[in-house]
Amino acid sequence: MVLALILACLLSPVLASIFGAVDIGFREAMSVYLHALIGERPADVAYLDSRILLELRLPRILLAFVCGAGLALSGWALQLVTRNPLADPYLFGISAGASLGAIVVLSLGITHGVLLAIGLPLGAFIGASASVLVVLTLSGFGLQSQVERMLLSGVATSFLFGALGSLLLYFSSPQVTASVIFWSLGSFARAAWDLLWLPWLVFGAFVGFLLLVRRQLFALSAGDETAHALGVSVAKLRIISLLMCSLMTAVLVASCGGIGFVGLMIPHITRLLFPGSQSLLIVAMLGGLFMVWVDVMTRSLLPPQELPVGVITAVVGSVFFLTLLFGRRSE
C-alpha cells in the first residue's frame, strides 16, 4: 500500500493536469513534463498547451499538494499535543485567526506587490498565534492544563475571530469584500511559480521540526504526567508545537484561503488504512493526494465555473466529523 501511495503521488500531477477548460491528453501532459525535466520543449505538443500545463496547472497542483500535506500534518500534530482525536487547525481556531490576520492586511488596501507577498503571511501568522494564545489562556498552561477543554476553547475562539473578520468586511469597500469572500472560501487559482517557494519552505521546516520532536510528541500523547516523568518539558513542547502548527497554517491560509477539516480527516484515514502506523510521510502523502483531487473536483463538477475548495472540504469534513462523534458516542 505504501508503494501504491508513492506511485499515486508520482502519477497524480500528470493525471490531474489533463482536467480543465482546455482538453489535454495524458500522453501530451507526460511528454511536456518529461521534456521539461531535460530543458526542452516537445515538438509533438502545441505551444499553448505546453504553457497551460507548465505555467497554470502544474503550479496549482503543487500548491494543492503542499496545502493538503501541511494541513494534514498540522492536524496530526494537534491531535497528539491535545490528546484529542477531533483537533485540527480549523476546529482549533488557528485557521480563523490566520484568516482574520489576512483580512486585516487585505482591508488595508494591500492587494498586490511585495507588500502583499510579505504582509499576507505575516498578518496570518500574527492572527494564528493570537488564536493559540487565547486557546491556551482559556484552557490553562503547563501540567495543570485541561486538555479536554482545548477543543471547546478552539471552537469558541474560531467563532470570535470569525465574527471580528466579518465585522471588518462589513466596513470594507465592496471590491475588497468580494475579493476577501472568494479568497476565504479557499482557492488555488492564484497559484504561480513565484508564490510556491514560501509554502514549500515552511513545509520543509515544519516536517523537520516534527521529525525532531516526534518521540516527545508520542510521549505527550500518553499523558502530561507520563511525558514529564520521561523528561519532556510539557508546557514548552506544547507551546512550540502549537506555534509551529500556527506558522504552517498561516502560510497556507495566506496562499490559498481558508480550507477546513483536512487536518481532521487525514490522520484518521491514515490510522484506518495503515493500522499502527505513525509515519509522517504517509500522512503527508495522503493529505497532498486528497487536496489535489479535491481541486480537480472543484474544476470539473460545474464547468466552466470553478467551485471553492473550502466548500468541498467542508461538506466532506462535516460528514466525517459527525461520523467520528457518533462513533465515539457508541463506544
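This briefing walks through some helices, cores, loops and buried residues of the structure above. The model is a predicted one, so please read every value below as computed from it. A good place to start is the largest nonpolar core, which has 80 residues, with helix α3 (residues 47–82) giving the largest share of them.

**The nonpolar cores**

- Within the largest nonpolar core, the residues with the most contacts are Leu73, Trp76, Phe188, Leu210, Leu217 and Ile259.
- Helix α3 supplies 14 residues to this core.
- A second core, separate from that one, has ten residues, among them Ile24, Val45, Ile52 and Leu53.
- What does Ile259 touch, once residues up to four places away in sequence are set aside? Its partners are Cys67, Leu71, Gly186, Phe188, Met291, Val309 and Thr313.

**Where α3 meets α9**

- The axes of α3 and helix α9 (residues 214–221) come within 7 Å and cross at roughly 45°.
- An angle of 45° is neither under 35 degrees nor in the range from 65 to 115, and α3 and α9 are therefore oblique to each other.
- On the α3 side, Trp76, Leu80 and Val81 make the contact; on the α9 side, Leu217, Phe218, Leu220 and Ser221 do.
- Trp76 and Leu217 from this contact are also listed with the most contacts inside the largest core.

**Helix α13 and its surroundings**

- Helix α13 covers residues 280–300, which makes 21 residues. From first C-alpha to last, α13 reaches 30 Å, close to the 30 Å expected at 1.5 Å a residue.
- Ser279 caps the N-terminal end of α13, with a side-chain oxygen 3.3 Å from the backbone nitrogen of Leu281.
- Is α13 enclosed or exposed? Of its 21 residues, 16 are buried, so α13 is largely enclosed by the rest of the structure.
- Val294 belongs to α13, and at 5% relative accessibility Val294 counts as buried.
- Apart from residues up to four places away in sequence, Val294 touches Val309, Ile312 and Thr313. Val294 and Thr313 are 19 residues apart along the chain, and their C-alpha atoms are separated by 7.7 Å.
- Val309 and Thr313 also appear among the residues that Ile259 touches.

**Helix α12 and the loop before it**

- Helix α12 (residues 262–273) has twelve residues, which should span 16 Å at 1.5 Å a residue; the end C-alpha atoms are 16 Å apart, so the two agree.
- Val262, Gly263, Leu264, Met265, Ile266, Pro267, His268 and Thr270 of α12 are buried.
- Phe261 sits in the loop between α11 (234–256) and α12. At 9% relative accessibility, Phe261 counts as buried.

**Two residues with a positive phi**

- As background, most residues other than glycine have a negative phi.
- Phe261 is not a glycine, yet has a positive phi of about 75°.
- Arg83 is not a glycine either, and has a positive phi of about 55°.
- Arg83 is found in the loop between α3 and α4 (94–107). With 35% relative accessibility, Arg83 counts as partly exposed.

**Buried serines**

- Ser172 is placed in the loop between α6 (150–170) and α7 (174–184), and is buried with a relative accessible area of 18%.
- Which side chain does the side chain of Ser172 make a polar contact with? The partner is the side chain of Ser107, at 3.5 Å.
- A polar atom of the Ser172 side chain also lies 2.7 Å from the backbone oxygen of Leu168.
- Leaving aside neighbours within four places in sequence, Ser172 is in contact with Ser107 and Thr177.
- Ser129 lies in helix α5 (residues 113–139) and is buried, with a relative accessible area of 17%.
- Not counting residues up to four places away in sequence, Ser129 touches Leu243 and Ser246.

**Cys245 in α11**

- Cys245 is part of helix α11. With a relative accessible area of 2%, Cys245 is buried.
- Neighbours within four places in sequence aside, Cys245 is in contact with Ser74, Ala77, Leu78, Ile94 and Phe206.
- Cys245 and Leu100 are 145 residues apart in sequence, and 16 Å apart in space from C-alpha to C-alpha.

Notes:
Residues are numbered from 1 along each chain as its sequence is written. This is a predicted model: local features need pLDDT of at least 70, side-chain atom pairs count only at pLDDT 80 or more; totals for chains, interfaces and linings use all residues. Side-chain values use heavy atoms; hydrogens and water are left out. Helices (H or I, at least four residues) and strands (E, at least two) are DSSP runs, numbered from the N terminus. The expected span of a helix is 1.5 Å times one less than its number of residues. Buried means under 20% relative accessible area, exposed over 50%, partly exposed in between (1.4 Å probe, protein chains only). A polar contact is a pair of N or O atoms within 3.5 Å; within protein, one must be able to donate a hydrogen and the other to accept it, and residues adjacent in sequence count only if both atoms are side-chain atoms. A nonpolar core is a set of buried Ala, Val, Leu, Ile, Met, Phe, Trp, Tyr and Cys residues joined through side-chain atoms within 4.5 Å. Contact means heavy atoms within 4.5 Å. Axes are lines fitted to C-alpha atoms, for helices over the stretch in contact, and angles run from 0 to 180 degrees between N-to-C directions. Angles under 35 degrees count as roughly parallel, over 145 as roughly antiparallel, 65 to 115 as roughly perpendicular and the rest as oblique.
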